[in-house]
Amino acid sequence: MGKYYITAAIPYVNAKPHIGHALEFIQTDTIARYHRLLDEEVLTLSGGDENALKNVQAAEAAGKEVQEFINENTKLFEELAKKLNVQFDVFQKGSSQNHHQSSQKLWDLCEKNGDIYKKSYRGLYCVGCETFYTIEELNENGECFEHPGKKLDEVEEENYFFKLSKYQDQLIQIIESGEYDIIPEFRKNEVLVFLKSGLHDFSISRSNERTKNWGVPVPGDGTQKIYVWFDALNIYQSGIGFGWDEEKYKKYWPADLHVIGKGIIRFHAIYWPAILLSAGLKLPKKLFVHEYFTVNGQKMSKTLGNVYDPSIAIEKFGTDALRYYCLAKISPFQDGDFSEEKLVESYNSDLANGLGNLVARVSRLCEQNNIEAGQGSNVWCADLVKYMEQFKFNEAIGIIWGLISEADKKINQDKPWEQKGEKLTEILEDLVKRIQAIAFNLQPFMPQTSEKILKQFSGQIKSNPPLFPRI
RNA sequence: GGCAGGGUAGCUCAAUGGUGGAGCACUUCAUUCAUAACGAAGAGGUUAUGGGUUCGAGCCCCAUCCCUGCUACCA
């Protein structure tokens, strides 16, 4: 029994959470719950990427103090996690004191290793992306593709740079060998292609002026703040004590798994391990890269106005219905589409007609015949284990629905309503075992529902109101 | 432009070169333990297009058209 430290990405907190955040939270939580059930000592972390300049600007636009604005938004993410029944043991805020301390320690370690140097830099800076661009990388209006309509700032200043280039060969070796394993394979290949094309050092500080004095101060230089990505990645360490609670840190680091979306793969697959190598720290073991949700077939975007708030789905259909959709109805390695229509479709056919109906028919039969439930066997389906190791949640959950379908068929074959005495008891006890197995395997995916079923199928079995009333 | 991965039933996706499948949706039948649920049967396809290799191609080769991701040094 070992430890398992898993992180979800640290969301920007300049806006409310959307359905994509829900997807990642749910995936992370499912993996975490699975490992808890394997009896590992699991620690989950997410947090708020609070030191971005974006946040300062969003706060200004909202007419609020930065800290106040950030606290409000970060709270929305924590609340979403709760509503999704997603348990984070640590929710680390980038503005917290111990994080500042921790990030400065990381900086010091890299500096001691000679990997930080000063260089004058001049370029076009997109505040939205927190990145410098060359002219070739911009559209015909001289704006970046992510934030059209937004003029870039022309900036010249002296910044600190990190010697990323120094770690190119080492990174290739580490990623190619799977020492730092990137899943899925095609993302790993992308990273390797990028690595082999050559790495440039990157700037890891910003002037106080440009950050509006917001963020983590560069150690020993009062005029600069640490670049948001350098400190944001360190939330994975600062949240478990790096720089302020070494005992806790030693217990949990390195992370066993980082869960991220495809958009931030370069930071996690290249910058992050390079920084850790420089600092002489251990590398995370695995990176799971999921894809994105489209909504009604379209990319989510503020300008399109189709950003979907997961709270709506939770209120309308319930937490486990949304969890089910996110896990079962899309492939984690492909963009999936979200729509309330599709959610309702899967709710009715899989949850109401499938799982819910099976539980209802068996519990009624048991109630009528005074059946008492025995102890469930608590065994994982072999295929489910295989799929969980590959993060194929849709395949894993499909195994459970196979069991549901089998049980339904068995009932129609055995016709318990035509049976009596010992034969009837035997049939029903078999069905009870099947339901217990289904509920046991369902735990990581739909915790509330599986708990309800396990409770219902312990001791004297009673018929309850439908788990998922048809919509 | 280069590299990678795709295009298969209305929808989402499977198929070591050997009779193209599943789930959902749809139609019919049967049934009552169950939430008009479950079960059985059925319908639904020129596998993006055009060539080629092969006894045989969804799969291999060439060309073309689309979609997605990554990414350009020089000129």
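This report covers the surface near RNA strand B, one covered helix and two helix pairs in a predicted model.

## Surface near RNA strand B

There are 30 residues around RNA strand B. Asn-353, Gly-356, Asn-357, Arg-361 and Pro-466 come nearest. Three elements each give two or more residues to this surface: helix H6 (185-196), helix H14 (340-368) and helix H16 (393-414). H14 supplies the largest share, ten residues.

The surface near RNA strand B is mixed in class. Twelve of its residues are nonpolar, nine are polar and nine are charged.

## Helix H13

Helix H13 spans residues 319-328 and is mostly covered. Ten of its ten residues are buried. The list includes Asp-320 and Arg-323. Tyr-324 and Tyr-325 are buried too, as are Leu-322, Cys-326 and Leu-327. Thr-319, Ala-321 and Ala-328 complete the set.

What covers these buried residues? Helix H1 (19-37), helix H3 (66-83) and helix H12 (310-317) are among the covering elements. H14, H16 and helix H18 (447-456) also take part. H14 and H16 thus appear in two settings: they help to cover H13, and they give residues to the surface near RNA strand B.

## H14 against H17

H14 also packs with helix H17 (residues 421-442). Their axes come within 10 Å and cross at roughly 140°. Angles over 145 degrees would count as roughly antiparallel, so at this crossing angle H14 is oblique to H17. The crossing is left-handed.

Which residues of H14 and H17 meet? From H14 come Val-359, Val-362, Leu-365 and Cys-366. From H17 come Leu-428, Leu-431, Val-432 and Ile-435. By class, this contact has eight nonpolar residues, with no polar and no charged ones.

## H15 against H16

Helix H15 (residues 382-389) packs against H16 at an angle of about 165°. The two axes are 7 Å apart. The angle makes H15 roughly antiparallel to H16, because the cut-off for that class is over 145 degrees. H15 passes H16 in a left-handed crossing.

On the H15 side, the contact uses Asp-383, Leu-384, Tyr-387 and Met-388. On the H16 side, it uses Glu-395, Ala-396 and Ile-399. Five of the contact residues are nonpolar, none is polar and two are charged.

Notes:
Residues are numbered from 1 along each chain as its sequence is written. Chains are lettered from A and ligands numbered from 1 in the order in which they are written. This is a predicted model: local features need pLDDT of at least 70, side-chain atom pairs count only at pLDDT 80 or more; totals for chains, interfaces and linings use all residues. A residue is near a molecule or strand if its C-beta atom, placed from the backbone, lies within 6 Å of it. Helices (H or I, at least four residues) and strands (E, at least two) are DSSP runs, numbered from the N terminus. Ala, Val, Leu, Ile, Met, Phe, Trp, Tyr, Cys and Pro count as nonpolar, Asp, Glu, Lys and Arg as charged, and the others, Gly among them, as polar. A residue is buried if 20 or more other C-beta atoms lie within 10 Å of its own, exposed if 12 or fewer, and partly exposed in between; C-beta atoms are placed from the backbone. Two residues are in contact if their C-beta atoms, placed from the backbone, lie within 7 Å. Axes are lines fitted to C-alpha atoms, for helices over the stretch in contact, and angles run from 0 to 180 degrees between N-to-C directions. Angles under 35 degrees count as roughly parallel, over 145 as roughly antiparallel, 65 to 115 as roughly perpendicular and the rest as oblique. A crossing is left-handed if the near helix is turned anticlockwise from the far one by less than a right angle, and right-handed if clockwise.
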